[in-house]
Amino acid sequence: MAEKISTVDYESEMGQAYVDYAMSVITERALPDVRDGLKPVQRRILYSLSELTSSNTPHRKCARIVGDTMGKYHPHGDSSIYEGLVNLAQSWKLPIPLVDPHGNFGDVSGSGAAAMRYTEARISEYTEEACMKDLRFCKEDFIPNFDGEETEPTYLPFQVPNLLVSGSMGIAVGMATNIPTHNLNEVIDATVAYLKDPEITTEDLMKYIQGPDFATGGILNASHEQLLSVYETGQGRLRIRGKVEIRDAGYGRKSICVTELPVTMIGSTEKFLTTVGELVRNRELPQVVDIADRGDKNGECLAIDVKKGTTDEEIQKIINILYKKAGLEDTYGVNINCINRGKPEVMGLRRILQLYTRFKSDVYTKKYTKLLAEQEDVKEIKEGLLEAIDVIDLIIEILRGSKTVQIAKKCLMHGDTEGIKFRYKGSEMDAKELHFTEKQADAILAMRLSRLIGLELDVLKKELADAEKKIAKYTKLLSSPAAMRDQMIRDMEELKRFGKPRRTEIQDLGEVKVEKVEEKPTEVTVLMDRFYYIKCVDRSTYEKNAEQIARDYRASVNVMTNERVLLFTDAGFVYTVKVSDLVKKQGKKLTGKSIYAKLSDKGIQVFEFCEMDKTENIVYITLAEKIMDEKLLFVTKEGHAKRVEGSAFDTSRKKALAGKQGETPIWIGPVEDTDQVMARSSAGYYVRVKISDISFKGKGAGGIMLIKLAPGDTIEAAVAGKPDSMLEDVAFSRVKLCSTGNKGTKLRK
């Protein structure tokens, strides 16, 4: 039978497929669940770890853990699983790691963990106590794994709001989450306060949770109002800065030591030190003499040594620059976006505690319902065993006279004596009175004779009393919301033994202010060689080597360091080069202490510095500060000419249009009304015209016809100057003065 072909709309089909993909990424990868604060990969790693290890068993190879997780629960590649495992074990990311690591798991500077075949791990004691202890009571919420051969949990029953304690970060399709970590003891206190008063306000909750608490410490530079806004809306921007100490570096010098990093610097301490080095080379930190990472895996400490004699005021200015320009203070964007009932939701502190306490109440109800059922079974069995001991002779006689276990069991449960041979008269009548339950009958049949000893009887009676006591307790918990709440509180309070003192200080320090120091302009010379390498030398170097520079360099411009150089190209563009930027950029490449180049230094390729196309040729170089008073003449390859006011090129843009698109300027330069211009075509025709005959145009406009060219002919050379000037080796006087648009004349040799 032929298959039926269905017609679908391609656009709607692709749109729906993308929506399905986006929701899968959001719910199954990037965002944590509000109940346990875990992403699916983290949940699967911890569950797999709980099956393989405990907190007091030897560590297992991470390759085994990753393989087990991938093979049973998470078929998405080993690298993502190992990365998730490493993140759960790193003490500088989580205040209380959920995994106990053994081996090289990286460091705060960004060095990666060793390969999974070398490292080992096991579940941490905190995770075991705060999460896995109650997992057996949640089996009914397990779902089949990807191949249906195993089951996995849809949540882990954390006894504290792990979403707040461990935080989370993830990027999904069209949304992201960035939840800061918090202090365990503060979170427990806030949860207890919410359990006691579900109407408590966010502001009152903040009496317990002061703010985020990062594993790296640092200072949270935020006001109470900023934090209140974050906890009410679930979103906001906070400033986090590192802690510094001033220490003695020896030799009479002091050292600025970063002892606690801002959380935003995790993995990028090298970038921080590089940035400080650039600030030193740019002379923004002239007092700094050495930069070093003298820390351990937790980041202590990044040291910045300053010159001998640097005052406390100067050191504070350096610290402010480190905060402002080197990333020692940075913005932390809070976005508490998590999954609630399969959908993403941005939520504030009260909403998190509301959903968590509902979840916790549901888990505790399941837990104590199952515990009650278990203890009722224990009570039933213990009562049966004690009753059986009173008639043990009869039971032994039944067992000896029964051909099968089933016959004996029927007799114990229903008094059915058929198929049983009794040794004594009256025993059969007594047996017919037996009425044990099935569980009691199974326990009696499995009972060892050693339980008939007197001490064993006392143990049975004690076990029965314990079961009755527990039944009373569980019944009370299930029937009394207040009693259940108190039990939740007691269990959470016990977890405070894993808590640590707050590391992140909260201070409203305001904006860091850095006084901009204006450098005194210096006389320098910008040089460009014939290969378009550009560099800046100090003026004394130029004066000592003026003849060599005139011979070996395409151009030299005497400037001040606060001025700008303009480069006009044959593509019709003008490029602006700030001399100060050139000095800074070349200073990064020089190995000496001076930021100025030597004549022997290669310099910087102008195409690289200006982002100029490598096919462009520079036609004219001048100063932006000088061009305001100039009148520029443009002569193009196409035979056109125009004058342009220099002020038209006074722009702050790095690249601007300087001529009509499609035309190629071959000569640009300043002229006066009394000057003349002479041009030569490729066919050998010369034309000489008064500058006053050439009209002024806009910078993007075309010029007038300077010479009437034959088809295929172009201007090859041009120059403007006084009547006694020369074009190459031809004097102006040899060419007859004519009007614009003239065909020109050929010269005799």
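# A tour from the largest cavity to helix α13

About 70 Å³ of space lies in the largest cavity of this predicted model. The structure holds four cavities of 30 Å³ or more. Rolling a probe the size of a water molecule over the atoms shows where empty space is left.

**Stop 1: the cavity lining.** To see the walls of the largest cavity, select F634, T636, H640, A641, K642, G659, K660, E663, P665, A701, G702 and G703. Two elements, β25 (631-636) and β26 (640-645), each give two or more residues to this lining. Strand β26 supplies the largest share, three residues.

**Stop 2: the sheet that holds β27.** Next, show strands β24, β21, β22 and β27, which in that order form an open sheet with antiparallel pairing. At its edges are β24 (618-623) and β27 (655-657), each paired on one side only. On average, neighbouring strands here are turned by 25 degrees against each other, direction ignored. Now select β22 (residues 573-578) together with β27: this antiparallel pair is joined over three bridges. One place to look is F573, whose bridge partner in β27 is L657.

**Stop 3: the sheet that holds β11.** Move to another open sheet of four strands, with the order β10-β11-β13-β12 and antiparallel pairing. The edge strands, each pairing on one side only, are β10 and β12 (288-293). The average turn between neighbouring strands of this sheet is 25 degrees, direction ignored.

Select β10 (residues 243-250) and β11, which run antiparallel and are joined by seven bridges. Within this pair, I246 has I256 of β11 as its bridge partner. Two residues lie between the strands of this hairpin, where Y251 takes a positive phi near 55 degrees. On the other side of the sheet order, β12 pairs with β13 (residues 302-306) in the antiparallel sense over five bridges. There, D290 has D305 of β13 as its bridge partner.

Add the helices. Helix α10 (residues 269-281) lies across β11, β12 and β13 and runs at about 170 degrees to β12. Helix α11 (residues 312-325) lies across β10, β11, β12 and β13, at about 35 degrees to β11.

**Stop 4: E260.** Stay on β11 (residues 253-260) and select E260. Is E260 buried or exposed? E260 counts as buried because its relative accessibility is 13%, below the 20% cut-off. The side chain of E260 reaches the backbone nitrogen of G218 at 2.8 Å. Beyond neighbours within four places in sequence, E260 is in contact with T216, G217, G218, G242, K243 and R503.

**Stop 5: I219.** Select I219, found in strand β8 (residues 219-221). I219 has a relative accessible area of 11% and so is buried. Not counting residues up to four places away in sequence, I219 touches R239, I240, R241, G242, K243, T504, E505, Q507 and L509. For a distance across the model, pick the C-alpha atoms of I219 and V160: these residues are 59 apart along the chain, and the atoms are separated by 25 Å.

**Stop 6: helix α13.** Finish at α13 (residues 392-401), where I392, L394, I395, E397, I398 and G401 are buried. An α-helix has 3.6 residues a turn, so residues three or four places apart point the same way. Which helices cover the buried residues of α13? The cover includes α12 (349-390), α14 (405-414), α15 (427-431) and α16 (438-446).

Note on methods: Residues are numbered from 1 along each chain as its sequence is written. This is a predicted model: local features need pLDDT of at least 70, side-chain atom pairs count only at pLDDT 80 or more; totals for chains, interfaces and linings use all residues. Side-chain values use heavy atoms; hydrogens and water are left out. Buried means under 20% relative accessible area, exposed over 50%, partly exposed in between (1.4 Å probe, protein chains only). A polar contact is a pair of N or O atoms within 3.5 Å; within protein, one must be able to donate a hydrogen and the other to accept it, and residues adjacent in sequence count only if both atoms are side-chain atoms. Contact means heavy atoms within 4.5 Å. Two strands pair if DSSP finds at least two bridges between them. Axes are lines fitted to C-alpha atoms, for helices over the stretch in contact, and angles run from 0 to 180 degrees between N-to-C directions. On a 1 Å grid over the protein atoms alone, a cavity is a set of points where a 1.4 Å probe fits but cannot get out, and a pocket is an open set with protein on both sides within 12 Å along at least five of seven lines; lining residues have an atom within 4 Å of a point. Grid points are joined across faces, edges and corners, and a volume is the space filled by probe spheres set on the points.
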